[in-house]
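The following paragraphs are intended to be read alongside the sequence and the structure. Please keep both in view.

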Amino acid sequence: MNDHSPRRLRGSLLERAAGQFHYADAPRLPVEPLPPLRAAEPLPAAPMFVPEPIAAPEPAFVPEPAFVPEAVFVAEPVFVAPVAVEDVVAAPAESEPVEELELGDAFLAPEPEAQSGVIDRALLREGGMIVPGAPITPLAEEFRMVKRQLLTTARAVANQGTAQAGDRARMILVCSAHPDEGKTFCAINLALSMAAEKDMEILLVDADFAKPDILERLGLPGGPGLLDVLGGSVADAEACIIRTDVPQLSVLPAGTRTNADTELLASDRARAILDGLASANPRRIVIFDSPPALAASPASVLAFHVGQAMLVVRADKTTEGDLREAVTTLDACEHIQLILNAVSFQPGGRRFGSYYGETAQ
Ligand SMILES: Nc1ncnc2c1ncn2[C@@H]1O[C@H](COP(=O)(O)OP(=O)(O)OP(=O)(O)O)[C@@H](O)[C@H]1O
Ligand SMILES: [Mg+2]
C-alpha cells in the first residue's frame, strides 16, 4: 500500500520517490562540491552603437562659373605685338592686296554731303600705326588676321540671321577693361586695315565721349558728332561724318561733351540712330572706339547696340579677373572676340608678317 499520509507527502520529491521505489539505501554517488560562487566577471562594455554619420546629400551640380557667359562667342585671341616706331617704314606707296567680301546686295548708297579731312601720315607713323599705302608691316599683317575674323562673323550673321541682325553684325565695338590698354590704337588700325578691303566703307566712330582721341590721333579737324545727334542739336548723323583722304575711310567725331552720355546712348532714339548708321549703307562697317568697360558706363550700353565686340587685352597688364568682369559687362553683345595687344613673346618666336618684313624694306 502506498502511504499517502500528509506527513509522508510533506517530503521532498526525491524522498517520496525513494519511499515509493525503495532505493533509499542505494549507494550514493560521490557528489562533486560545486565551486564557490564567484562574482561574475564584469562583462566587457558593449560597444555603444554609434550610427554612421549620415552622408551629406550630394551637392547640387553647380557648374564652374563660366569664363564666358553663355551665348557669347569668344574666338581665339589674336596677338598683336607692340610696335616700335622704328619698325614702321616710310616707303613708296604699295597698296595692300585686297580681298573680296560680299556683305549684301551690291548697292552703294550715295553718301550725303559731308566734311572732309586729310589723315596725317606722320602722326600714324609716330604712333606706330598702319600707314596707308606703306609696305605691309608685321602690324598690318596682324590686323589682317583680326579683321578677317570680324568680317567672317559679319558675313555669317548677314547670311543666316535677320536683316537687322546682319546690320548689327557690321557694328563692332572696340573695348577693354581699363584705360590705356590700346582700344584707340586697335580701333584705328582695324579701321585702316578694313578700309583696304574691296567694296567696303569704314566708319570709325569716336564713342569714348569722356576722352575722345580719334581726331587728334589722325590729325583731323574737330566738328559736331554723335553726342550732338543723340542730344538732338544736329538732326542727321551723316552730316557729321568726316570723309578722309584714305579711300573708304570716314570718321564720326564724339561731339559736344555732356554728363548725360550714358542716358542718351540708352534711349530708343540712340538705338534708331546707331542702327541707321549701319542700315544707311549695306557695305558699311561701323567701328566704335569706346571707353573702358570697367571704368565707365557707356561701354555696356554700346554693347547692346552692336553685333560684335573686340575686347583688347593688354599683355602683362589686364588680369584674368578684369577680363572676366569686362566680358560680363559686355554680355549684351552676342559675339565677343579677344585681341591680345602688345605681346612681346610669341610662341615659336615668330610673328605674323615677318614674311612680308623681309621684302618690304
Ligand atoms: N601694340 C602697340 N604697340 C605700340 N604702342 C601701343 C600698342 N598698343 C597701344 N600702344 C600705345 O599705348 C598707348 C595707349 O593706347 P591707347 O590710347 O590706344 O589706349 P586706350 O585703351 O584707348 O586708352 P584710353 O582708355 O585712355 O582711351 C598709346 O600711346 C598707344 O599708341
Ligand atoms: Mg582711347
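How many residues surround ligand 1, and which are the closest? In this predicted model, the ligand is surrounded by 19 residues, the closest being Pro-179, Gly-182, Lys-183, Thr-184 and Phe-185. Helix 6, spanning residues 183-195, makes the greatest contribution to this shell, with 3 residues. By character, the shell around ligand 1 comprises 7 nonpolar, 6 polar and 6 charged residues.

Attention may now turn to strand 7. This strand covers residues 284-289, and 6 of its 6 residues are buried, so strand 7 is largely enclosed by the rest of the structure. In a regular strand, side chains alternate between the two faces of the sheet. Here, both faces of strand 7 are covered: Arg-284, Val-286 and Phe-288 are buried on one side, and Ile-285, Ile-287 and Asp-289 are buried on the other.

Strand 7 also pairs with other strands. Strand 3 (residues 171-176) runs parallel to strand 7 and is joined to it by 4 bridges; Val-174 stands opposite Asp-289 of strand 7. Strand 4 (residues 201-206) is likewise parallel to strand 7, with 6 bridges between them, and Glu-201 has Arg-284 of strand 7 as its bridge partner.

The confidence of the prediction deserves attention as well. The average pLDDT of the chain is 77, and 63% of the residues score at least 70. Across residues 85-101 the pLDDT is below 50, and the model gives this stretch 33 contacts beyond near neighbours in sequence. Residues 104-112 also have a pLDDT under 50, with 9 contacts beyond four places in sequence.

Note on methods:
Residues numbered from 1 in each chain as written. Chains lettered and ligands numbered in written order. Predicted model: local features only at pLDDT ≥ 70, side-chain atom pairs only at ≥ 80, totals over all residues. Buried ≥ 20, exposed ≤ 12 C-beta atoms within 10 Å, placed from the backbone. Helix = DSSP H or I, 4+ residues; strand = E, 2+ residues; numbered from the N terminus. Pairing = 2+ DSSP bridges. Near = placed C-beta within 6 Å. Nonpolar A, V, L, I, M, F, W, Y, C, P; charged D, E, K, R; others polar. pLDDT = per-residue confidence, 0-100. Contact = placed C-beta atoms within 7 Å.
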